[in-house]
Amino acid sequence: MNPLTKLVLAGFLLVLGLAVPWPGTYVLFIALILPLALAGRILKPFLVALFKLITPFAVPMILIQGLFWTGGTPVIGEGPLSLKAEGLLFSAASIGRILILASSFLLLSLSTRTDILMRDLVQRGLPNQLLYIVVTSLQILPRLQARARTILDAQRSRGLETEGNLFHRLRAVVPLVGPLLLSSLIDVEERALALEGRAFNRPGPRTSLIEISDTRREALARIGLSVAAVVIFVIRIAWALVS
Amino acid sequence: MIEVRDLTYSYPGTAAPALRAVNLSIPRGQVVGIVGANGAGKSTLCYALTGYVPHFFAGSMSGTVRVDGRDIGKVPLGQLAAEIGLVFHNPFNQISGARLTVLEEVAFGLENMGVERGAMLPRALTALQATGLEHLTERSPYSLSGGEQQRLAIAAILAMEPSVMVMDEPTSQLDPVGTREVFAVLRDLARSRRATVVVAEHKLGWLAAFSDRLIGIHNGEIVADGTPQEVFSSERIDEWRLGQPLVTKVGRAVEVAEGRPRTGLLPVTVEQALDALS
Amino acid sequence: MNLVVDGIHYRYPSGTSALEDVSLQASAGESVAVVGQNGAGKTTFAKHLNGLLKPTRGSVRAGDWDTRRHSPAQMSARVGMVFQNPGDQLFARTVWEEVAFGPRNQHLGKDAITERVESSLEAVGLLAVREGHPYDLATPQRKLVALAATLAMATPILVLDEPSLGQDTEGVSLLGALIDGLVAEGRLVLTITHDLDFALEHCPRAILMAEGRVLADGKSAEILSQSKLLSSADLEPPVLLQLAAGLEMPARIRRISEFVAAYAERPPQV
């Protein structure tokens with residue numbers, strides 16, 4: 001599937017999920033999202049990632065809302081240590097929305113190579129620089145970590161005590177963060193020089209080595225989904241204003 | 001064909017010019033080495049030959065640099081990239097980061113140039129073969145060794161088929177194996193005469209072995225211009241702080257010890273030294 | 001001060017072996033080159049000398065201090081280390097402050113710090129730029145600032161990781177003279193380098209490493225003239241020894257002056 005279509009689809013699901021009344025989020029999840037994950041052959045990683053993302057929210061929320069809902073009707077347990085119905089319902093609604101939010105994001109990111117998505121967008125006219133920032137931001141963290149470790153080694157070798165009390169650790173910040181920032185800035189300049197040499201800032205259309213498939217049907221589907229999303233959004237707003 | 005006329009340039013915010021009244025003419029296909037102390041102006045000259053001065057670095061420039069007749073001071077940098085390439089000394093910082101495999105990295109410049117897909121793959125593969133990387137097409141650029149990364153930078157520029165290739169200390173961060181690999185690529189490039197090649201380097205023995213011509217820079221001025229032997233045998237070599245290959249120093253030391261006057265040309269390669277000393 | 005490395009092994013957390021049974025004994029006033037290709041384990045080895053890495057087997061002792069019982073900051077009083085990339089440590093607003101960082105961590109008095117900073121900067125030829133910002137200097141000069149910063153700690157043992165990388169001819173000479181001077185003062189200097197010409201000239205002793213092991217340890221003129229041994233470590237003999245071999249001269253030569261003398265003594269060629 002063309003990456004732009006995936007992006008539009010994910011956006012559509014998000015709008016739909018946030019617009020429907022809360023029990024609908026679960027229906028949407030089971031009826032639409034899970035089958036999509038299955039079709040994309042990412043069901044297992046999808047469920048694993050989803051579980052990891054949602055559980056840290058969901059469990060505390062259920063407990064807190066359930067236990068501390070003032071004036072609520074106990075449904076499980078008795079007295080102060082009971083889970084109240086209203087709290088549980090509230091949690092279910094919130095979790096439903098978070099479920100849709102997380103699912104759309106995960107469906108997109110697990111089924112698409114970011115660089116292919118960005119390439120497609122650039123070919124359609126999105127500025128090159130945006131592609132660059134997004135794709136390289138994903139790579140920055142491991143490099144920064146590796147560099148931070150080397151800097152730590154160098155400063156410890158000059159007598160910087162890093163273990164021990166808070167005072168020591170605070171004093172260690174400047175000699176650790178300073179070189180990280182300064183040398184990263186130099187790298188940025190050198191990288192910018194190199195990019196110029198690859199005609200990065202040349203005005204004009206780009207081509208792609210990798211063929212990114214797109215069909216008329218998909219283009220129509222994208223238009224259809226986008227229109228549907230707008231309509232749903234409008235209906236939802238109208239409903240909220242009226243009721 | 002490179003024509004530099006009366007080029008004087010100062011970086012922004014500096015008083016002293018980095019290049020002074022430089023005049024230089026390089027015919028097509030020549031292989032030129034640039035030597036000089038750190039800060040003498042080698043890198044600045046490399047930037048001037050490729051348009052980074054004045055387009056990237058601003059500053060004040062007078063004089064002209066013409067490549068194949070065009071004044072590159074007047075052509076935007078993005079358009080120059082197709083004809084003039086610059087390879088820098090840090091292999092890691094030349095990885096664009098925008099592509100995930102070696103093959104895509106080499107094709108990146110071609111994509112930016114809008115080259116049609118059918119032509120891209122052959123050009124990329126030719127460049128990878130010229131740099132000995134054809135077996136690494138599917139690897140991540142970050143997984144390569146320093147020498148391989150530097151050859152990748154060269155391949156990425158080669159694929160764009162520039163008429164001029166300039167390299168600013170391409171082996172300064174590399175170990176002996178990487179150095180050997182890069183100079184082998186440079187030697188092949190030189191032999192094929194596909195492009196005019198200009199290389200600034202401190203590894204003088206290596207440079208002398210494969211350059212047709214050496215240019216010596218001191219304090220922003222060209223002080224020497226001739227064959228490697230002519231330049232390194234000059235009496236003013238210390239005054240100009242250009243350095244000499246070790247074999248040249250040995251040759252001169254033997255000359256001095258034997259009380260011989262300056263004979264003219266000193267050896268600049270091991271082979272020449274063995275010839276002269278046997 | 002002695003440095004004793006006793007049969008160290010090092011295995012990365014991932015399981016790959018980086019050092020196998022590496023041993024070394026060196027004493028004050030020695031200049032030792034640790035040579036080998038990238039990946040041979042030279043830097044991993046260096047990091048063991050001041051305790052940044054602890055061996056999985058064996059021990060490293062600087063004098064009577066075992067690296068396993070001291071933090072790297074503590075070890076830095078005895079073993080100074082200069083890293084390859086100046087960008088990994090420069091952070092101060094002036095060169096002076098940068099070089100003073102080490103002595104300050106050693107809790108020296110103001111006068112002592114000034115003396116150390118000025119003599120170190122003098123030694124690398126950068127006294128004139130002491131009030132400048134380190135990043136206003138070009139990369140090779142920044143490397144010298146990093147070197148001065150470690151020199152200022154006046155450690156009996158010094159480990160230099162690829163000091164000549166990226167330097168021009170004058171920079172390399174300066175480094176050579178510096179190492180010669182430090183050794184003459186009685187310090188132990190270990191220079192990790194793949195520049196064999198440099199190693200030959202300034203280090204009478206060489207340790208050849210490949211794939212985490214020590215292949216040879218002895219007089220540099222002898223070790224660096226063995227082309228077969230060197231090529232098994234992906235290296236070529238230094239230029240001076242290539243000339244000596246080509247002219248069938250004995251391989252005791254380390255400097256140009258020695259070459260010239262040996263050349264003069266060559267029996268007349270037919």
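This report walks through a predicted model, chain by chain and contact by contact.

## Chain A and its two domains

Let's start with the layout of chain A. The domain assignment splits chain A into domain 1, covering 3-112 + 214-242, and domain 2, covering 126-197. Taken over C-alpha atoms, the centres of domain 1 of chain A and domain 2 of chain A are 37 Å apart.

Helix H8 (173-197) of chain A is worth finding on screen. How does the span of H8(A) compare with what its 25 residues should give at 1.5 Å a residue? The expected value is 36 Å, and the end C-alpha atoms of H8(A) are 36 Å apart, so the two agree. Several residues of H8(A) are buried, among them A:Pro175, A:Pro179, A:Ser183, A:Arg191 and A:Leu193. After H8(A) comes A:Ala199, which has a positive phi near 60°.

## Where chain A meets its neighbours

Chain A touches chain B through 26 residues of its own and 33 residues of chain B. On the chain A side of this contact, the elements giving two or more residues are H6 and H8 of chain A. H8(A) has the largest share, with eight residues. Sorted by class, the side of chain A that touches chain B holds 11 nonpolar, seven polar and eight charged residues.

The contact between chain A and chain C takes 19 residues from chain A and 21 residues from chain C. Which helices of chain A each supply at least two residues to the side that touches chain C? They are helix H6 (128-156) and helix H8 (173-197) of chain A. Here H8(A) gives the most, with seven residues. The classes on the side of chain A that touches chain C are eight nonpolar, six polar and five charged residues.

## A helix and some backbone details in chain B

In chain B, helix H7 (176-192) comes after a loop that begins beyond strand S7 (164-168). H7(B) has 17 residues and reaches 24 Å from its first C-alpha to its last, close to the 24 Å expected at 1.5 Å a residue. Its buried residues include B:Pro176, B:Gly178, B:Val182, B:Phe183, B:Leu186 and B:Leu189. The buried residues of H7(B) pack against strand S3 (31-35), helix H5 (117-130), helix H6 (146-158), S7, strand S8 (196-200) and helix H8 (204-210) of chain B. H7(B) is followed by B:Arg193, where phi is positive, near 55°.

A little background helps with the next two details. Most residues other than glycine have a negative phi, and most peptide bonds are trans. B:Glu169, in the loop between S7 and H7 of chain B, has a positive phi near 50° although the residue is not glycine. Is B:Glu169 buried or exposed? B:Glu169 is buried, because 23 other C-beta atoms lie within 10 Å, and 20 or more are enough to count as buried. Elsewhere in chain B, a cis peptide bond joins B:Val53 and B:Pro54, with omega about 5°. B:Pro54 lies in helix H2 (residues 52-55) of chain B.

## Strands of chain C

Chain C has an open sheet of six strands, in the order S6-S7-S8-S3-S9-S10, with mixed pairing. The edge strands, each pairing on one side only, are strand S6 (79-82) and strand S10 (213-219) of chain C. From one strand to the next, the twist averages 15°. Helix H6 (residues 169-184) of chain C packs on this sheet and touches strand S3 (31-35), strand S7 (157-161) and strand S8 (188-193) of chain C. The direction of this helix makes about 150° with that of S8(C).

Strand S9 (residues 205-210) of chain C and S10(C) run antiparallel and are joined by six bridges. One of the bridge pairs is C:Ala210 with C:Arg213 in S10(C). In the loop between S9 and S10 of chain C sits C:Glu211, with a positive phi near 50°. C:Glu211 counts as partly exposed because it has 16 C-beta neighbours inside 10 Å.

Another group of strands starts with strand S1 (residues 3-11) of chain C, joined by six bridges to the antiparallel strand S2 (residues 17-26) of chain C. C:Leu3 stands opposite C:Ala26 in S2(C). The hairpin of S1(C) and S2(C) has five residues between the strands, and in it C:Gly15 takes a positive phi near 110°. S1(C) also pairs in the antiparallel sense with strand S4 (residues 57-62) of chain C, over five bridges, where C:Val5 stands opposite C:Val60.

Methods: Residues are numbered from 1 along each chain as its sequence is written. Chains are lettered from A and ligands numbered from 1 in the order in which they are written. This is a predicted model: local features need pLDDT of at least 70, side-chain atom pairs count only at pLDDT 80 or more; totals for chains, interfaces and linings use all residues. Domain bounds come from an automatic or database domain assignment. Two residues are in contact if their C-beta atoms, placed from the backbone, lie within 7 Å. Helices (H or I, at least four residues) and strands (E, at least two) are DSSP runs, numbered from the N terminus. Ala, Val, Leu, Ile, Met, Phe, Trp, Tyr, Cys and Pro count as nonpolar, Asp, Glu, Lys and Arg as charged, and the others, Gly among them, as polar. Two strands pair if DSSP finds at least two bridges between them. Axes are lines fitted to C-alpha atoms, for helices over the stretch in contact, and angles run from 0 to 180 degrees between N-to-C directions. A residue is buried if 20 or more other C-beta atoms lie within 10 Å of its own, exposed if 12 or fewer, and partly exposed in between; C-beta atoms are placed from the backbone. The expected span of a helix is 1.5 Å times one less than its number of residues.
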